[in-house]
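Morning, everyone. I'll take the whole chain to begin with, then pick out a few residues. Please have the picture in view.

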Amino acid sequence: MKSATCSSEEFVYINGEFVPKENAKISVWDHGLLYGDGVYEAIRVYEGNIFKLKEHIDRLYNSAKAIKIEIPMTKEELLEAVVELVKRNKLRNGYLRIIVTRGVGFMGVDPRNCEKPTIIIMSELRKALFGGKPITAIVSTIRRFPSQCLDPKIKSLNYLNNVLAKIQAIEAGTDDAIMLNMEGYVAEAVTENIFVVKKNIIYTPPLTAGILEGITRSVVIEIAKNLGFEVREENLTIYDLYTADEVFLTGTAAEITPVVKIDGRLVGNGEPGPIFKKILEEYQKIVKDPKFGVKVQEG
Ligand code: PMP
């Protein structure tokens, strides 16, 4: 791996080089820009622990395979590049992104126009998406696109479906939007999975609802089961949201965020619920635990 000499403190990895942030540029002919033709992962670092890094890398390779991009490096090499970037950027707590695009090519969607994928790793000092505060949401009229069109399991660079729902949430004066699938069942929020609590049982939409298989979702399911709660992966309706005791969202950016109002109806008593609080407490412990990540040694 080559490294550029510079005075800047912050680097971006682009195709094998660590480039100073201000020089981190890619071609306007990159199909990631021209067609959203690519995949990505978002990852958090807690006290130097790159949380669930291997799981994120596995999901990235699966997304890439699904859209027929062959990532020209091994998972181990990619993991090392991520670790190296975290070291160079002295990122103790923050947010990482790995992006793999189809690469630079002629115009035209034909993927054969692109010679090799572009690989980018970048970091940011990003706080929790909603600042750790309870949020309000609408149920969006924009449906999550079905797996017959583009499987939401693929974490692709195509986020317009989600962006449109987010715009609707903002226009409605709320923080986030909950999206239904084409059958009318609850799918997920804009960039988070969703959990509903009713009479001490925790529900979340099944993967067959057409959702991203969230890494935070899996962690939360495990925490909840370890705490002795029953977790059911079941189809949920708008009614289930309106009548829930608790609703919370999970995602790398949002971490675990309680939803206290949906379409103008208070969720439970309008305060973050006790089950959310118990799960959050456990979550905050394990994110720093090297058992659940790749710990970067300082120095
Ligand atoms: N759904 C969507 C559409 C997302 O973009 C994200 C964020 N990656 C999630 C769910 C949550 O996934 P994770 O917990 O792996 O960040």
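We need one definition before we start. When I talk about charges, Lys and Arg count as positive, and Asp and Glu count as negative; His and the chain ends are left out. Also, keep in mind that this is a predicted model.

So, charges. The protein chain has 39 positive and 40 negative ones. Take the mean position of each set, and those two points lie 1 Å apart.

Now the overall build. There are seven helices and 17 strands in the protein chain. The radius of gyration is 20 Å, and the globule rule gives 19 Å for 299 residues, so the chain is as compact as a globular protein of that length. Along the principal axes, the C-alpha atoms fill a box of roughly 55 × 45 × 30 Å.

What share of the 299 residues counts as buried? It is 51%. The accessible surface comes to about 14700 Å², and carbon and sulfur atoms hold 53% of that.

Next, contacts along the chain. Take those with a separation of 6 or more: 68% of them join residues 24 or more positions apart.

Let's zoom in on Thr101. You'll find Thr101 in strand β6, which covers residues 94-101. Buried or exposed? Thr101 is buried, because its relative accessibility is 3% and the cut-off for buried is under 20%.

What does the side chain of Thr101 reach? One partner is the side chain of Asp30, in a polar contact of 2.6 Å. Another is the backbone nitrogen of Gly103, at 3.0 Å. Beyond four places in sequence, Thr101 also has a list of contacts, including Gly32, Asp37, Ile69, Pro117 and Leu157. Asp30 is on that list too.

Last topic: backbone angles. Most residues other than glycine have a negative phi. Here are two residues with a positive one.

Glu47 comes up with a phi near 50°. Glu47 sits in the loop between β4 (38-46) and β5 (49-51). At 34% relative accessibility, Glu47 is partly exposed.

Then there is Lys90. Its phi is positive as well, at about 45°, and Lys90 is not a glycine. Where is Lys90? Look in the loop between α3 (75-88) and β6. Lys90 has a relative accessible area of 65%, so Lys90 counts as exposed.

To recap the three residues: Thr101 is buried, Glu47 is partly exposed, and Lys90 is exposed. Thanks for listening.

Key:
Residues numbered from 1 in each chain as written. Predicted model: local features only at pLDDT ≥ 70, side-chain atom pairs only at ≥ 80, totals over all residues. Heavy atoms only, no water. Helix = DSSP H or I, 4+ residues; strand = E, 2+ residues; numbered from the N terminus. Buried < 20%, exposed > 50% of the residue type's maximum accessible area, 1.4 Å probe, protein only. Polar contact = N/O pair within 3.5 Å; in protein donor to acceptor, adjacent residues only side chain to side chain. Contact = heavy atoms within 4.5 Å. Rg over C-alpha atoms; globule rule 2.2 N^0.38 Å. Areas by Shrake-Rupley, 256 points an atom, 1.4 Å probe, with all protein chains shown as cover. Charge placed at Lys NZ, Arg CZ, Asp CG, Glu CD.
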